Structures are given as C-alpha cells and as structure tokens.
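Open the model in your viewer and keep the sequence panel visible. The stops below go from the whole chain to helix pairs and then to single residues.

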Amino acid sequence: MEQIKKEKTFKQMLWISMISMTMMFAGLTSAYVVSRAREDWVSFDLPSAFYISTLFIIASSLSFYIAKRTLLAGDQGKTTSLLALTLLLGLGFVFYQFNGFNQLIEAGLYTTGKQSNVASSFLYVITGAHLLHIFAGLIVLVRVLYRNMTGKYSVSSHLGFSLGSIFWHFVDALWIYLFIFFYFIR
C-alpha cells in the first residue's frame, strides 16, 4: 500500500510540473503570435539542422519506449543498450540544435544586439528554454541508465524508470509542438 501511495504522489508531482512547463511554453508561443503583428517582424525559414534534430528526438522517444517494454519483459541487458541509444540520440538532438543556432547566426539572425529582430529573439528564447528542459531530461536519462545498469529496476520495481520515461516523452512532444508551431507560424 505504501508503494502505491509513493507512486501516485510522484506521478502527480511530475504531471503538475509538466502542466506548469506547458503553460510557460503556451505563454511564450502566444507572445510570439501576438508579436507577429509588429511592423518590424521579420520572417525566416527554420534552420535545416532543426529538421534533423527533430528526427533525433523522435527516434530517442521511440528507443525509450522500447527500452521500457524490454524492462517489463525482464531483459535488463537489452534495456541498458536501448537506454544508451536514447542517450546518444538525445545528445544528437542537442548537437543539431546548436548547429541550428549557428545556421541562424550565419543567416544574420541574432538573439540580441543591433542585428537582432523580434522573431529571431523569440526563436532563440523558446528553443533555448526547451534545451534547458532537454538538459534536465538528459540528466534524468543518465540516472535511469545508471540505475538500470546497477540492477535497481525490475519488472516489479521501476518507478524512477517510468517517471524518467514520462518526462522524456514530454520534452520530446514539446519539441514536436514547437517545431510544428515555428514551421507553420512564421
């Protein structure tokens, strides 16, 4: 009974946190939409690296999903391999996000200064805020990987794994929303 209460409490805390993060990004994207009416608004295409990073984040979500299924099937070795793959894909996402920032700079789009504009500043701030959440997700992923490698998770005891999975899928879904948002709302 105590374990059930613990699981329920931790999951509720995670969901409340994710709802507040969602509200923050809803506010930022709403401000982006409202700011498009400004006379100094500049439209531009998303960097090609953002398309590649999106593929990495989708693949990482898929590998984490399969890792959880293999854990529940009792295959800890395969679970570890899939978690390591998820970590590598997450790092690939970060790498291509920074490549995207470099592509924006090469295109003359800055976040601050005389050469900056409102549109590119919003893009940097929103994607940067998302990257902070990805860094948190990578820390969680490293912890889940370590705990799995040391045998802390099993078919019957995997709360931390499940919480990590929920958070990782959340930040993945959040990026997909942001990518689609920026793709269609320029």
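**Whole chain**

Start by colouring the protein chain by pLDDT. This is a predicted model, and the chain averages a pLDDT of 94, with 99% of the residues scoring at least 70. Select helix 1 (residues 2-35) to see where confidence is lowest, at a mean of 92. Then select helix 2 (residues 48-72), where confidence is highest, at 98.

Switch to a cartoon view. The secondary structure comes to 5 helices and 0 strands, and along the sequence the pattern reads α-α-α-α-α. Aligned to the principal axes, the C-alpha atoms fill a box of roughly 60 × 30 × 25 Å.

Two totals describe the chain before you zoom in. Of its 186 residues, 42% are buried. Among contacts with a sequence separation of 6 or more, 84% are between residues 24 or more positions apart.

**Helix 3 against helix 4**

Select residues 76-106, which form helix 3, together with residues 118-149, which form helix 4. How far apart are the axes of helix 3 and helix 4, and at what angle do these helices pack? The axes are 10 Å apart, and the packing angle is about 160°. An angle over 145 degrees counts as roughly antiparallel, and helix 3 and helix 4 are therefore roughly antiparallel to each other. Their crossing is left-handed. Colour the contact residues of this pair by type: 21 are nonpolar, 10 are polar and none is charged.

**Helix 4 against helix 5**

Keep helix 4 selected and add helix 5 (residues 159-184). The axes of helix 4 and helix 5 come within 10 Å and cross at roughly 160°, which makes helix 4 roughly antiparallel to helix 5. The crossing of helix 4 and helix 5 is left-handed.

Show side chains at the contact between these two helices. On the helix 4 side, the residues to display include Leu123, Ile126, His130, His133, Ile134, Val140 and Val144. On the helix 5 side they include Phe161, Gly164, Phe167, Trp168, Val171, Trp175 and Phe182. The contact of helix 4 with helix 5 divides into 15 nonpolar residues, 6 polar and no charged.

**Serine 61**

Move to helix 2 and pick serine 61, which is placed there. Is serine 61 buried or exposed? Its relative accessibility is 16%, so serine 61 counts as buried. Which residues does serine 61 touch, apart from its neighbours within four places in sequence? They are Trp168, His169 and Asp172. Trp168 was also on display at the previous stop, as one of the helix 5 residues in the contact with helix 4.

**Threonine 22**

Go next to helix 1 and select threonine 22, which lies in it. Threonine 22 has a relative accessible area of 38% and is therefore partly exposed. Draw a C-alpha to C-alpha distance from threonine 22 to glutamate 7: the two are 15 residues apart in sequence and 22 Å apart in space.

**Leucine 88**

The last stop is leucine 88, in helix 3. Its relative accessibility is 57%, so leucine 88 counts as exposed. Draw one more C-alpha to C-alpha distance, from leucine 88 to lysine 114. These two residues are 26 positions apart in sequence and 37 Å apart in space.

How values were computed
Residues are numbered from 1 along each chain as its sequence is written. This is a predicted model: local features need pLDDT of at least 70, side-chain atom pairs count only at pLDDT 80 or more; totals for chains, interfaces and linings use all residues. Side-chain values use heavy atoms; hydrogens and water are left out. Axes are lines fitted to C-alpha atoms, for helices over the stretch in contact, and angles run from 0 to 180 degrees between N-to-C directions. Helices (H or I, at least four residues) and strands (E, at least two) are DSSP runs, numbered from the N terminus. Angles under 35 degrees count as roughly parallel, over 145 as roughly antiparallel, 65 to 115 as roughly perpendicular and the rest as oblique. A crossing is left-handed if the near helix is turned anticlockwise from the far one by less than a right angle, and right-handed if clockwise. Ala, Val, Leu, Ile, Met, Phe, Trp, Tyr, Cys and Pro count as nonpolar, Asp, Glu, Lys and Arg as charged, and the others, Gly among them, as polar. pLDDT is the predictor's confidence in each residue, from 0 to 100. Buried means under 20% relative accessible area, exposed over 50%, partly exposed in between (1.4 Å probe, protein chains only). Contact means heavy atoms within 4.5 Å.
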